[in-house]
Structure formats: C-alpha cells, structure tokens
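Please open the structure in a viewer and keep the sequence panel visible beside it. The tour below proceeds by selections, each followed by an account of what is found there.

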Amino acid sequence: MTAAPHAADGVAVGADASDGTDGRIGVGDIELDQAVSRVEHELGRLFARIRVGWREAAASVHPDLQPLGYQVLTSIVNGTATTAGEIIDRLQTDKSTVSRQVRQLEELGLVDSIRDPDDRRARRLVATELAQERVEIARATYKERLGDRLRAWSADDLEHFADLLDALGR
C-alpha cells in the first residue's frame with residue numbers, strides 16, 4: 001500500500017482528510033479555515049463601521065453623547081427597554097454603566113424618569129420630544145446610507161444575506 005503524495009507543508013495532495021480517516025489536515029479543511037478567517041475579518045470591519053455609525057449618530061443627537069448613550073437612548077425611544085434593568089439585559093452591560101448613561105441622558109434633556117404606574121417603587125424612562133426628534137433624524141441618515149448600499153443588491157441576495165445573518169445570530 002502506498003501513501004498519498006504530500007505537499008511540503010504536510011497537507012495531503014489530492015486527498016481530502018476532512019473525513020478524519022488519517023488525522024491529517026486536508027485541503028478542504030484549509031479552505032474552510034481560510035473562509036472562516038475571512039468572515040471573522042469582514043465581521044470585524046463591519047462592527048467597526050457600525051461603531052463609527054453609532055458615534056456619528058450620537059454626535060448628531062448631542063455633541064456630548066457617547067455611542068453607548070445613543071444605544072441606551074434608542075432602546076428607550078423604541079420602547080424596547082424602559083427601565084434600567086431592561087436596558088442592562090438588552091445591551092448586556094453592567095448597572096453602573098447604564099446608570100451613568102441614563103444620568104447623562106437626563107442632564108441633556110433627552111430622557112425623563114417617571115414613576116411606573118404599575119409599580120410605584122419602580123421608575124420608567126421615557127424619551128423627551130427633543131430626543132425623539134433627534135433620534136429620528138439620526139436614523140433617517142443611517143437608513144439612507146445603508147439603504148443606498150443594500151439597494152445595489154438583488155432581492156434574492158438580500159433575502160439570502162438576511163437568512164445567513166439570522167443563522168449566525170442563533
């Protein structure tokens with residue numbers, strides 16, 4: 001029995017060892033690892049771009065607002081998180097950070113804290129009219145920029161991309 005020829009780097013030539021039969025790394029494994037690395041790299045670039053977008057959106061709402069403060073504010077504006085505990089859960093951050101951001105939002109006149117009508121001990125956070133207006137402007141700018149890029153894709157590509165993002169997020 002003769003062994004499969006090998007490339008200088010130890011990868012089996014002409015054989016795909018990804019089935020685990022001989023323990024060597026196959027060409028298919030290397031290609032998959034390279035593809036995974038590329039996806040990781042591109043996700044890093046995308047996340048960096050998203051952070052820049054949050055920074056720009058925060059600055060358009062108020063020059064002193066930090067990107068995390070913008071995320072807190074949009075959670076309140078959306079109604080997806082209207083208590084400190086809900087914000088902590090939604091943004092996966094700690095209590096002291098959320099507390100600082102909420103305090104700043106109140107100082108900037110973007111958020112009011114009111115008693116929860118269902119639980120008088122609890123406080124609800126509500127966006128002021130000023131916050132709603134400024135967040136809407138920031139969102140419109142972002143949606144226009146993103147929409148312009150995505151409209152260059154076909155509907156099928158967008159559906160496939162959305163499916164892939166959904167699968168990745170699970």
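## Overall view

Among contacts in the protein between residues at least 6 apart in sequence, 37% join residues at least 24 apart. The model on display is a predicted one. Begin with the whole chain in cartoon representation: there are 6 helices and 2 strands, and from the N terminus on they follow the order α-α-α-α-β-β-α-α. If the 170 residues are then coloured by accessibility, 24% of them count as buried.

## First stop: α1 against α2

Select residues 27-61, which form helix α1, together with residues 67-78, which form helix α2. The axes of these helices come within 8 Å and cross at roughly 75 degrees. An angle from 65 to 115 degrees counts as roughly perpendicular, and α1 and α2 are therefore roughly perpendicular to each other.

Next, display side chains where the two helices meet. On α1, the contact is made by W54, R55, A57, A58 and V61; on α2, by P67, Y70, Q71 and L73. Sorted by class, this contact of α1 with α2 has 7 nonpolar, 1 polar and 1 charged residues.

Y70 merits a selection of its own. Leaving out residues up to four places away in sequence, Y70 touches W54, A57, A58, V61 and L65, and also V135, A138 and R139.

While α1 is still shown, select G53, which lies in this helix. G53 is buried, with a relative accessible area of 12%. Add Y142 to the selection: G53 and Y142 are 89 residues apart in sequence, yet their C-alpha atoms are 7.4 Å apart in space.

## Second stop: α2 against α4

Keep α2 and add helix α4, residues 95-107. The axes of α2 and α4 are 9 Å apart, and the helices pack at an angle of about 75 degrees. As a result, α2 and α4 are also described as roughly perpendicular to each other.

Which residues make the contact between α2 and α4? From α2 they are L68, G69, V72, L73 and I76; from α4 they are T97, Q101, V102 and L105. By class, the contact has 6 nonpolar, 3 polar and no charged residues.

Centre the view on Q101 of α4. Is Q101 buried or exposed? Its relative accessible area is 6%, and a residue under 20% counts as buried, so Q101 is buried. A polar atom of the Q101 side chain lies 3.1 Å from the backbone nitrogen of G69. Apart from neighbours within four places in sequence, Q101 is in contact with Q66, L68, G69 and V72.

Move to L68, in helix α2. At 24% relative accessibility, L68 counts as partly exposed. L68 touches L91, T97 and Q101, not counting residues up to four places away in sequence. The C-alpha atoms of L68 and T97 are separated by 9.0 Å, with their positions 29 residues apart along the chain.

## Third stop: the nonpolar core

In soluble globular proteins, nonpolar side chains tend to be buried together. Here the largest nonpolar core has 22 residues; select V61, L65, Y70, L73, I76, I87 and L105, which touch the most other members. At least two residues of this core come from each of α1, α2, α3, α4, β2 (123-127) and α5 (129-150). The element that gives the most is α2, with 4 residues.

## Fourth stop: T82 and D112

Select T82, placed in the loop between α2 and α3 (84-91). T82 counts as buried at 16% relative accessibility. A polar contact of 2.5 Å joins the side chains of T82 and R124. Beyond neighbours within four places in sequence, T82 is in contact with I76, R123, R124 and L125.

Finish with D112, found in strand β1, residues 111-115. At 40% relative accessibility, D112 counts as partly exposed. Show L125 as well: the C-alpha atoms of D112 and L125 are separated by 5.8 Å, and the two residues are 13 apart along the chain. Setting aside neighbours within four places in sequence, D112 is in contact with E106, R124, L125, V126 and T128.

Note on methods
Residues are numbered from 1 along each chain as its sequence is written. This is a predicted model: local features need pLDDT of at least 70, side-chain atom pairs count only at pLDDT 80 or more; totals for chains, interfaces and linings use all residues. Side-chain values use heavy atoms; hydrogens and water are left out. Axes are lines fitted to C-alpha atoms, for helices over the stretch in contact, and angles run from 0 to 180 degrees between N-to-C directions. Angles under 35 degrees count as roughly parallel, over 145 as roughly antiparallel, 65 to 115 as roughly perpendicular and the rest as oblique. Contact means heavy atoms within 4.5 Å. Ala, Val, Leu, Ile, Met, Phe, Trp, Tyr, Cys and Pro count as nonpolar, Asp, Glu, Lys and Arg as charged, and the others, Gly among them, as polar. Buried means under 20% relative accessible area, exposed over 50%, partly exposed in between (1.4 Å probe, protein chains only). A polar contact is a pair of N or O atoms within 3.5 Å; within protein, one must be able to donate a hydrogen and the other to accept it, and residues adjacent in sequence count only if both atoms are side-chain atoms. A nonpolar core is a set of buried Ala, Val, Leu, Ile, Met, Phe, Trp, Tyr and Cys residues joined through side-chain atoms within 4.5 Å.
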